[in-house]
Amino acid sequence: MAIVNVAPGAGAYVTDVNLGSLSESDVAIIRESLGNHGVLFFRDQSVTPEQHIAFALRFGEININRFFKPIADYPQIAEVRKEPEQGSNIGSNWHTDHSYDQIPALGSILVAQNLPASGGDTVFANMFAAYDALTTQMKSRLRGLYATHSSRHAFGSKAYEKSEHKELIGRLGNTELATQDAIHPVVIRHPISGKQGIYVNPDFTIHINEMAKSESDALLNELYEHCQRPEFSHRFEWKEGSVAFWDNRATWHKALNDYPGQRRLMHRITVEGVALCA
Ligand code: SIN
């Protein structure tokens with residue numbers, strides 16, 4: 001197995017590996033590489049639902065996402081689907097999955113099932129690199145700050161009042177379960193690598209607790225603009241047999257919606273994480 005870093009950018013490609021038959025030492029290398037690189041990309045895999053579940057369980061318990069529709073017979077596997085006649089896709093804005101949970105998920109493992117002939121890439125951004133590139137003044141401004149994250153505006157019933165979001169009903173659901181808010185440090189220390197990274201994101205962070213709304217909005221917007229700098233990101237082109245395993249504590253991601261009239265179907269398993277510390 002070899003780890004080929006994407007630099008500058010986000011992530012690493014793992015080559016010469018079969019996700020269906022990993023040794024204990026392979027799993028240890030994957031865990032450490034995930035902590036260091038934030039997202040790992042695998043090509044030419046052939047992963048059954050059982051193998052997908054078994055792979056995820058090597059890294060932790062499975063978090064059954066309460067908002068996503070599961071695939072038939074496997075409640076552990078969420079469907080990320082867009083049909084040809086549908087306009088909206090899931091996850092099109094920059095986000096970090098599950099930051100609205102008090103113990104946010106470690107990350108997700110996405111396995112390609114049906115891909116459009118072109119388009120449908122996923123872009124990942126490296127929150128360690130984004131933190132490292134902040135000025136000393138900004139780093140000290142962020143020290144000791146906490147932010148509130150919420151699922152209510154994203155998955156609650158009000159979210160589906162917007163016309164472009166309405167179309168996601170059926171693929172996403174359980175609006176009554178969108179009740180949870182969570183507070184996390186704005187800069188976290190990564191549980192595996194010990195690196196510092198920015199932990200606020202445009203989809204789920206609603207405000208910085210120690211600030212008035214206008215100051216919080218201004219600071220969040222400044223951070224969001226910074227985090228989107230192209231040198232922190234990598235655009236992953238999906239191919240048949242591709243798998244991506246990302247760490248939510250180290251990355252943002254967004255799914256590009258540039259394949260009108262075509263189908264895209266992915267299987268996603270989310271792995272439980274730990275409470276986050278500054
Ligand atoms: C997601 O945000 O979990 C979906 C990413 C993708 O479909 O590429």
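## Tyrosine 100 and phenylalanine 204

Tyrosine 100 is buried, because its relative accessibility is 1% and the cut-off for burial is under 20%. The model is a predicted one. Phenylalanine 204 has a relative accessibility of 4%, so this residue counts as buried too.

The aromatic pairs of the whole structure number 14. In one of these pairs, the rings of phenylalanine 55 and phenylalanine 245 sit with centres 5.8 Å apart. Their planes meet at 70°, so the arrangement is edge-to-face. Phenylalanine 55 belongs to helix H2 (residues 49-57). Phenylalanine 245 belongs to strand S15 (residues 243-247). The two parts are 190 residues apart in sequence, and the pair ties them together.

Tyrosine 100 and phenylalanine 204 also form an edge-to-face pair. Here the distance is 4.9 Å centre to centre, with 80° between the planes. Tyrosine 100 lies in the loop between strand S6 (74-82) and S7. Phenylalanine 204 lies in the loop between strand S12 (196-198) and strand S13 (205-208). The pair thus links distant parts of the chain, 104 residues apart.

## Burial and the ring cluster

Phenylalanine 55 has a relative accessible area of 5% and is buried. Phenylalanine 245 is buried at 0%.

Ring pairs also build a cluster. Its members are Tyr13, Phe41, Phe124, Phe236, Trp238 and Trp246. Trp246 appears again in the shell around the ligand.

## Serine 108

Serine 108 sits in strand S7 (residues 107-114). Its relative accessibility is 0%, so serine 108 counts as buried. The side chains of serine 108 and threonine 270 make a polar contact of 2.8 Å.

Beyond residues up to four places away in sequence, serine 108 touches Asp97, Ala244, Phe245, Trp246, Arg268, Ile269 and Thr270. Phe245 is the partner of phenylalanine 55 in the edge-to-face pair. Among the other contacts of serine 108 are Asp97, Trp246 and Arg268, which are also listed around the ligand.

## The ligand shell

The residues around the ligand are Val80, Gly91, His95, Asp97, Leu110, Thr122, Trp246, His253, Ala255, Arg264 and Arg268. By class, the shell has four nonpolar, four polar and three charged residues. Strand S16 (251-255) and strand S17 (264-271) each contribute at least two residues to it.

Which side chains place an N or O atom by an oxygen atom of the ligand? Histidine 253 does so at 3.0 Å. Arginine 268 does so at 2.6 Å. A polar side-chain atom of arginine 264 also lies 2.8 Å from an oxygen atom of the ligand. On its own, the ligand has 260 Å² of accessible area, and the protein covers 99% of it.

## Serine 92

Serine 92 is placed in the loop between S6 and S7; tyrosine 100 lies in that loop as well. Is serine 92 buried, exposed or partly exposed? Its relative accessible area is 33%, so serine 92 is partly exposed.

Not counting residues up to four places away in sequence, serine 92 touches Lys254 and Ala255. Serine 92 and alanine 255 are 163 residues apart in sequence. In space they are 4.8 Å apart, C-alpha to C-alpha. Ala255 is one of the residues around the ligand.

Methods: Residues numbered from 1 in each chain as written. Heavy atoms only, no water. Helix = DSSP H or I, 4+ residues; strand = E, 2+ residues; numbered from the N terminus. Buried < 20%, exposed > 50% of the residue type's maximum accessible area, 1.4 Å probe, protein only. Polar contact = N/O pair within 3.5 Å; in protein donor to acceptor, adjacent residues only side chain to side chain. Contact = heavy atoms within 4.5 Å. Near = heavy atom within 4 Å. Areas by Shrake-Rupley, 256 points an atom, 1.4 Å probe, with all protein chains shown as cover. Nonpolar A, V, L, I, M, F, W, Y, C, P; charged D, E, K, R; others polar. Phe/Tyr/Trp six-rings, centres within 6.5 Å; stacked < 30°, edge-to-face > 60°.
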